[in-house]
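I open this notebook page to look up the pockets, one charged residue and the nonpolar cores of a single chain. The sequence and the structure come just below.

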Amino acid sequence: MGGTIPVLVDYTIDGVTVILAALNDGTEIYGYDNARPSGGNDWHLPNVSDPDKLHDIPGAAATDAIRFVLSGTEYVAFAAQTHWTYNSNHDDPVTATWVDRTEDVDFFAFWDRKLWGIDNDGQLWWTSDVAATPTNDANLQDDNAILDGDVVGMFVGPDLSGEPIIYVSTKVGLFAHDKHNERFLKTSVAFPRSDDAVRGATWNGDIYQPVGLSVYRYSPQQQVLKNVGLDLDDGLADIDHGKISHMTTTHTQLVVSTDPQAGGSRTGGIFGYDGQGWNCLLINSANHNTESLLASDAYGAYRLWWARD
């Protein structure tokens, strides 16, 4: 398969949790065969009628994917900037069972029994019925110094009282969604505009927001804001300099990937944070970038999956 793999997501097919990926530069959905015969193709699922490809993603390349349960039904969805596509067929999810939608969306979150989507210009929408037209909610550019293209991710985390709400990561910091007033509010996590900001995550009750090699730990309840990133003390070894490209969570660690600086011979890697410090999980080969991170119990074992270019 050519090109990079922008997103990984897990999904149940024929009673087994499998890994789905957007291949060929994020334009086609395939499933990973973890039990392929000798000489078989990694990305051919033997238990579907068309193992070569599950679906062509409409619009541009995939930017995000999510697995969620709505009204007792498990779905998987891929965001593709000007379109999105979803499926709830667990027996034979071939292309005829995928539903393509035309709403703009770059990132997903699931909260309040709804699927939420946001485009990279800051327009938020939600739906409690994937077959219905989503309802527009807040726009991040209203009342905030946000430009087109500034949104880099969305996730769910605790508010001041510990209740879950939606947060949006941007190139200038972190914003909290105010559901009752349909607006976004600035948080204490703010920094000068940076193209190196990526989507944050919630782990062990706190929010973590990466930018460059910094990781800001933010506790809204305790009003704590602290950099716990890879750039503290002596930082990383010289070969590992670059920036954080992705973040995910596991039972025991917050995990990030780093990409090397463009044009150099340094390498990136994958690092885990246990609340006390960082340890190195993997060093990539030179000039390779990590495209996706996913912690999953796919194929019956809890593991960290990643894709690189």
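Before sorting any lining by type, I fix the classes: Ala, Val, Leu, Ile, Met, Phe, Trp, Tyr, Cys and Pro count as nonpolar, Asp, Glu, Lys and Arg as charged, and the others, Gly among them, as polar.

I note that this is a predicted model, in which local features need pLDDT of at least 70 and side-chain atom pairs count only at pLDDT 80 or more, while totals for chains, interfaces and linings use all residues. Residues are numbered from 1 along each chain as its sequence is written, and side-chain values use heavy atoms, with hydrogens and water left out.

Entry on pockets. I looked up the largest pocket (on a 1 Å grid over the protein atoms alone, an open set of points where a 1.4 Å probe fits, with protein on both sides within 12 Å along at least five of seven lines; lining residues have an atom within 4 Å of a point), and found about 1,500 Å³ of space in it. Its lining has 47 residues, and D64, A65, R199, M247 and L293 are the closest to its centre. Strand β21 gives the most to this lining, 7 residues, where strands are DSSP runs (E, at least two residues) numbered from the N terminus. By type, the lining splits into 24 nonpolar, 12 polar and 11 charged residues.

The second largest pocket holds about 340 Å³ of space, and among its 18 lining residues D159, L160, I165, A176 and H177 lie nearest the centre. Here β16 gives the most, with 4 residues, and the lining divides into 9 nonpolar, 5 polar and 4 charged residues.

Entry on E74. I found E74 in strand β6, residues 73-79. Is E74 buried or exposed? With a relative accessible area of 16%, E74 is buried, because buried means under 20% (1.4 Å probe, protein chains only). Its side chain makes a polar contact with the side chain of R67 at 2.7 Å, such a contact being a pair of N or O atoms within 3.5 Å, one able to donate a hydrogen and the other to accept it.

Entry on cores. I then looked up the largest nonpolar core (buried Ala, Val, Leu, Ile, Met, Phe, Trp, Tyr and Cys residues joined through side-chain atoms within 4.5 Å), which has 29 residues, with I19, L20 and F78 making the most contacts inside it. Its largest share, 6 residues, comes from β2. Apart from this core lies another, of 16 residues, including W111 and F184.

Technical notes
Grid points are joined across faces, edges and corners, and a volume is the space filled by probe spheres set on the points. Buried means under 20% relative accessible area, exposed over 50%, partly exposed in between (1.4 Å probe, protein chains only).
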